[in-house]
Amino acid sequence: MRPVRRPVGVVILAAGKGTRMRSRLPKVAHQVVGRAMLEHVLRAANAALAPATESPSADAEGDSTGGQTAYAIAYAIVVGHEREQVREAIHFTPPTGAPHWILQEPQLGTGDAVRAARATLTSLPTPPATILVLYGDTPLVRAETLRALLAEHEHTNATLTFLTGIADRPTDYGRVIRDERGRIAGIVEARHATVEQLALPEVNSGIYCFQADWLWSRLDRLGPHENGEYYLTDLIEVAVREGAPLATVSGSIEETGGVNDRVQLAEAARVLRERILRDLMLSGVTIEDPATTYIDAGVRVGQDTIIRPGTTISGATLIGERCVIGPQSVIRDSQIGDDCLALASWVEEAVMEPRSRVGPMSHLRPGARLTSGANVGNFAEVKNAMLGADVQMHHFSYVGDASIGARTNVAAGVITSNFSADGKKYRTEVGEDVFLGSDSQLVAPITVGDYAMIGGGSVVRRDVPPGGVAVGIPARVIKHRQKPEAEQPAEQAQDAHEAAAQDTIEGMNATDRTAMDRARE
Ligand code: UD1
Ligand code: MG
């Protein structure tokens, strides 16, 4: 394609009620692979027209830019009275400028919808010479297809160029009518078509390029059909009657499928999912079972990571290299570094630094941060909490609104009681190299100093100083431990650590028994 710098106006029609969806949500706001249908269309247009500004993730979605010269672009999105709901569903702004939101009220058909955008686009400082019309309900359209359409439009100097597809048994598409010499004669909507016309395999994709002046002036010539709607597709017949040059580009029907109901929504999602998984696999990610793996658009996964069966990865998620995710993991809006494991676990709005691991059967909730080498095992939950480097938290524990220092051991059943009777949440601060014994409860707000040790089953209500060994219900400090000298060889230090632990556990058991006996009395 030769470089072109003519300004292009992109009109995306998104005002239709979408009655066939049977939904309170506007049709184009329905999500497929994590993005509203309309956002897919907007991104495809942006990737086609402004390659230089598109993010690298677009390449992963098959929108390779091919070094094309960028067009000057203006976007107009035509929406109905649910425009706020539609706007809220869009989380992408083209780098070349935010779209103009145009209200079409009432919705009198696709021809009327394009007319609604006319005043805005013709009054721009540089009014576009070419208008690309897209429908917001065709989320499968690819950037390269749009580029091919524009190239054909410019190359043939046509008044109107549109994309067609060949379908085996087309359903509710408009049928492309050609004369005996194969020249375009018009488009007939399925609902108005004769039996012979319905049998035609070539359908209208709903993607068009127009010469702007021609389009703006001819829109007023459209008359309403008996249902009161003005069809954009009737412009093809107008052009034929005028003898204006027409061109078509044939695309794959899969790509131009309009989503009108939830069956088609699921079908579109399947196709997009296949594309995403294929791109990931070709980029060096192992996906053991594509049939049970669900990865949203925009998710990034590093080389040699293995995605095991039954896994769902969604939102703004970034996964590093050489990780193992799944089987049966659900990862949402999270960042996972290199060499991590997330086995049969839920990870939501969490950060896992390199070499950290979670699972099986655990839950990292929003605000959880596992520092490098931290290890969360089975049936554990971490929420709004930082686990320091190499923290070991192997089973049945809950750590919320907390910070746990490096190398601390969180034994089975440890719980931070962050929620107090006054209805507020309080923080737990645990230092480094602490030993939190099995089944201990830390009642926040509370601070446990470095190298402290909490006896099994203790309920800790008061701060524990560094090195403090605390036991009982409520736990009280019974003695102090000496931290091994830093210069001691590692083995000796370990011995001292273990001896101290053994010491404490023995003492503690006796004290605990007394406490429990007393409690029983
Ligand atoms: C339309 C085409 C049909 C084509 C098919 C491809 C017409 C008349 N028909 O049919 O030839 O095969 O798309 O998918 O164009 N919209 C508005 N305002 C309106 C009406 C619709 O903005 O007043 C928007 C809708 O939100 C939708 C798009 O235009 O995104 C297409 O409307 P839809 O009702 O889905 O048309 P189809 O029946 O699918
Ligand atoms: Mg449609």
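Trainee: Which residues lie nearest the centre of the largest pocket, and how many residues line it?

Mentor: In this predicted model, 35 residues line the largest pocket, and Arg20, Lys27, Thr110, Arg191 and Asn260 lie nearest its centre. The volume of this pocket is about 960 Å³, and its lining divides into 10 nonpolar, 17 polar and eight charged residues.

Trainee: What makes a residue part of the lining of the largest pocket?

Mentor: A lining residue needs an atom within 4 Å of a grid point of the pocket, and 35 residues are counted as lining the largest pocket. Among the elements, β1, α4 and β10 each supply at least two of these residues, and β10 gives the most, with four.

Trainee: Why is ligand 1 said to take the space of the largest pocket?

Mentor: A molecule sits in a pocket if more than half of its atoms lie within 2 Å of the grid points, and by that test the space taken by ligand 1 is the largest pocket. The elements that give two or more residues to the shell around ligand 1 are β1 (8-14), α4 (110-122) and β10 (202-211).

Trainee: Which residues come nearest to ligand 1, and how is the shell around ligand 1 divided by class?

Mentor: The shell has 25 residues, and those that come nearest are Gln104, Gly109, Tyr135, Glu189 and Asn204. By class, the shell holds eight nonpolar, 12 polar and five charged residues.

Trainee: Why is the approach of Glu189 to ligand 1 called a polar contact?

Mentor: A polar contact is a pair of N or O atoms within 3.5 Å, and a polar side-chain atom of Glu189 lies 2.7 Å from an oxygen atom of ligand 1, so the pair qualifies. The cut-off is also met by a polar side-chain atom of Asn260, at 3.1 Å from an oxygen atom of ligand 1, and by a backbone N or O atom of Ala15, at 2.8 Å from an oxygen atom of ligand 1.

Trainee: How much of the area that ligand 1 exposes when taken alone is buried by the protein?

Mentor: Taken alone, ligand 1 exposes 750 Å², of which the protein buries 93%.

Trainee: What makes the second largest cavity a cavity and not a pocket, and which residues line it?

Mentor: A cavity is a set of points where a 1.4 Å probe fits but cannot get out, whereas a pocket is an open set. The search of the whole structure finds two cavities of 30 Å³ or more, and the second largest, with about 40 Å³ of space, passes that limit. Its lining consists of Arg6, Ala129, Thr130, His153, Glu154, Asn157, Ala158 and Gln211, which by class are two nonpolar, four polar and two charged residues.

Trainee: What sets Asn157 apart in its phi value, and where is Asn157 found?

Mentor: Phi of Asn157 is near 55°, a positive value in a residue other than glycine, and Asn157 is found in the loop between α5 (143-156) and β7 (160-166).

Trainee: How do you know that the bond joining Glu105 and Pro106 is a cis peptide bond?

Mentor: Omega of that bond is about 0°, and Pro106 is found in the loop between β5 (100-103) and α4. The bond from Gly359 to Pro360 is also cis, with omega near 5°, and Pro360 lies in the loop between β24 (357-358) and β25 (363-364).

Notes. Residues numbered from 1 in each chain as written. Chains lettered and ligands numbered in written order. Predicted model: local features only at pLDDT ≥ 70, side-chain atom pairs only at ≥ 80, totals over all residues. Heavy atoms only, no water. Near = heavy atom within 4 Å. Polar contact = N/O pair within 3.5 Å; in protein donor to acceptor, adjacent residues only side chain to side chain. Areas by Shrake-Rupley, 256 points an atom, 1.4 Å probe, with all protein chains shown as cover. 1 Å grid on protein atoms, 1.4 Å probe; cavity = no way out; pocket = protein on both sides within 12 Å on 5 of 7 lines; lining within 4 Å. Nonpolar A, V, L, I, M, F, W, Y, C, P; charged D, E, K, R; others polar. Points joined across faces, edges and corners; volume = space filled by probe spheres on them.
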